[in-house]
Amino acid sequence: MGACNVWIPFSLLCCVASVISVSALSQEEPQLGSVRVVFQTNYGDIEFGFLPTVAPKTVDHIFKLVRLGCYNTNHFFRVDKGFVAQVADVVGGRTAPMNEEQRREGEKTVVGEFSDVKHVKGVLSMGRFEDPNSAQSSFSMLLGDAPHLDGQYAIFGRVTRGEETLKKFEQLPTRREGIFVMPRERITILSTYYYDTEMESCETERSVLKRKLAASAVEIERQRMKCFP
């Protein structure tokens with residue numbers, strides 16, 4: 001059979017290429033939700049966001065623990081330079097006692113939401129035991145790429161600020177206990193808080209709008225006085 005030449009407009013090709021490019025990017029880089037959580041440690045703050053489209057059940061669970069204050073007085077029990085900084089389980093990791101609701105939530109397990117998202121520097125990945133559905137509240141912040149973890153641990157978020165704080169963690173003296181490299185000094189999560197970036201944006205826009213309206217009112221009054229003395 002002879003070849004069939006079909007003319008396709010260049011603009012259409014560009015549109016198709018753009019759609020394919022955006023689609024590929026969205027698959028490789030899942031978007032963070034609008035919520036940000038801040039861990040205030042004795043070495044500085046760390047902020048992170050969630051990936052609700054990647055691990056919705058895990059995100060709901062961790063965010064509820066944050067809202068209940070479960071991570072307050074907890075600590076990073078593991079710091080393996082270039083690998084992970086791992087938060088301890090809230091049950092047993094805190095210095096402050098837990099109330100009944102905190103303990104009940106802290107003891108819950110969450111189903112393993114394994115995905116195609118890669119374990120690269122900055123992502124948050126759940127800790128677990130051999131059972132793939134045994135994750136509770138411990139999670140790691142990746143200090144470097146770890147492809148051997150891909151598909152085996154649930155990624156649910158990403159660090160958005162606090163790289164300097166994590167670098168301080170890596171500079172602390174450590175000791176080894178079995179497979180774990182642990183800091184000799186306690187890295188305490190003194191307190192936590194969260195905010196919504198969309199709400200922050202709305203507040204800013206509202207403030208700008210108020211200023212514009214005020215300026216308009218002044219100008220209207222000026223024009224009224226000028227035209228109708």
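Which residue sits in the turn of the hairpin that strand 8 and strand 9 form, and what is the sign of its phi? The residue is Gly-178, its phi is positive at about 65°, and two residues lie between the two strands of that hairpin.

Before I go on, a word on where this comes from: we are looking at a predicted model, in which local features need pLDDT of at least 70 and side-chain atom pairs count only at pLDDT 80 or more, whereas totals for chains, interfaces and linings use all residues. Residues are numbered from 1 along each chain as its sequence is written, and side-chain values use heavy atoms, with hydrogens and water left out.

Let me begin with the overall picture. The protein has six helices and 10 strands, where helices (H or I, at least four residues) and strands (E, at least two) are DSSP runs numbered from the N terminus. Of its 229 residues, 39% count as buried, and here buried means under 20% relative accessible area, exposed means over 50%, and partly exposed is in between, with a 1.4 Å probe and protein chains only. Among contacts between residues at least 6 apart in sequence, 68% join residues at least 24 apart, a contact being heavy atoms within 4.5 Å.

Now to the sheet. Eight strands make a closed barrel in the order 1-2-7-5-6-4-3-10, with antiparallel pairing, and two strands pair if DSSP finds at least two bridges between them. On average, neighbouring strands of this sheet are turned by 35° against each other, direction ignored. As one of the pairings, strand 4 (residues 84-87) and strand 6 (residues 139-142) run antiparallel and are joined by four bridges, and Ala-85 has Met-141 in strand 6 as its bridge partner. The hairpin I opened with is also antiparallel, with four bridges between strand 8 (residues 174-177) and strand 9 (residues 180-183), and there Arg-176 has Val-181 as its bridge partner.

Two helices deserve attention beside this sheet. Helix 2 packs on the sheet, touching strands that include strand 1 (35-41), strand 2 (44-50) and strand 10, and its direction makes about 110° with that of strand 10; axes are lines fitted to C-alpha atoms, for helices over the stretch in contact, and angles run from 0 to 180 degrees between N-to-C directions. Helix 5 (residues 163-170) lies across several strands, among them strand 3 (75-80) and strand 7, and runs at about 120° to strand 2. The buried residues of helix 5 are Thr-165, Leu-166, Phe-169 and Glu-170. They cover an arc of only 150° around the axis, which puts them on the same side of helix 5, the arc being that of the directions from the helix axis to the C-beta atoms.

Taking one residue from that helix, Thr-165 counts as buried at 7% relative accessibility, and, not counting residues up to four places away in sequence, Thr-165 touches Thr-41, Tyr-43, Gly-44, Asp-45 and Ile-46. Val-159 is in strand 7 and is buried at 11% relative accessibility. Val-159 touches, among others, Leu-166 and Met-141, and its C-alpha lies 5.9 Å from that of Glu-47, although 112 residues separate the two in sequence.

Next, the aromatic rings. Rings of Phe, Tyr and Trp (its six-membered ring) pair if their centres lie within 6.5 Å, and planes under 30 degrees apart count as stacked, over 60 as edge-to-face and the rest as tilted. By this rule the count comes to 13 aromatic pairs. Phe-39 and Phe-48 form an edge-to-face pair, 5.2 Å centre to centre with 90° between the planes, and both residues are buried. The rings of Phe-63 and Tyr-194 have centres 5.0 Å apart and planes at 85°, so that pair is edge-to-face. This pair links distant parts of the chain, with Phe-63 in helix 2 (residues 56-67) and Tyr-194 in strand 10 (residues 187-196), 131 residues apart. Phe-63 is buried at 16%, whereas Tyr-194 counts as partly exposed at 41%. One aromatic cluster includes Phe-39, Phe-48, Phe-63 and Tyr-194.

The charged end of Arg-67 sits over the ring of Phe-63, 4.6 Å from its centre, where the criterion is NZ of Lys or CZ of Arg within 6 Å of the ring centre and within 35 degrees of the ring normal.

Finally, a backbone detail. Most residues other than glycine have a negative phi. Thr-73, however, has a positive phi of about 70° although it is not a glycine, and Thr-73 lies in the loop between helix 2 and strand 3.
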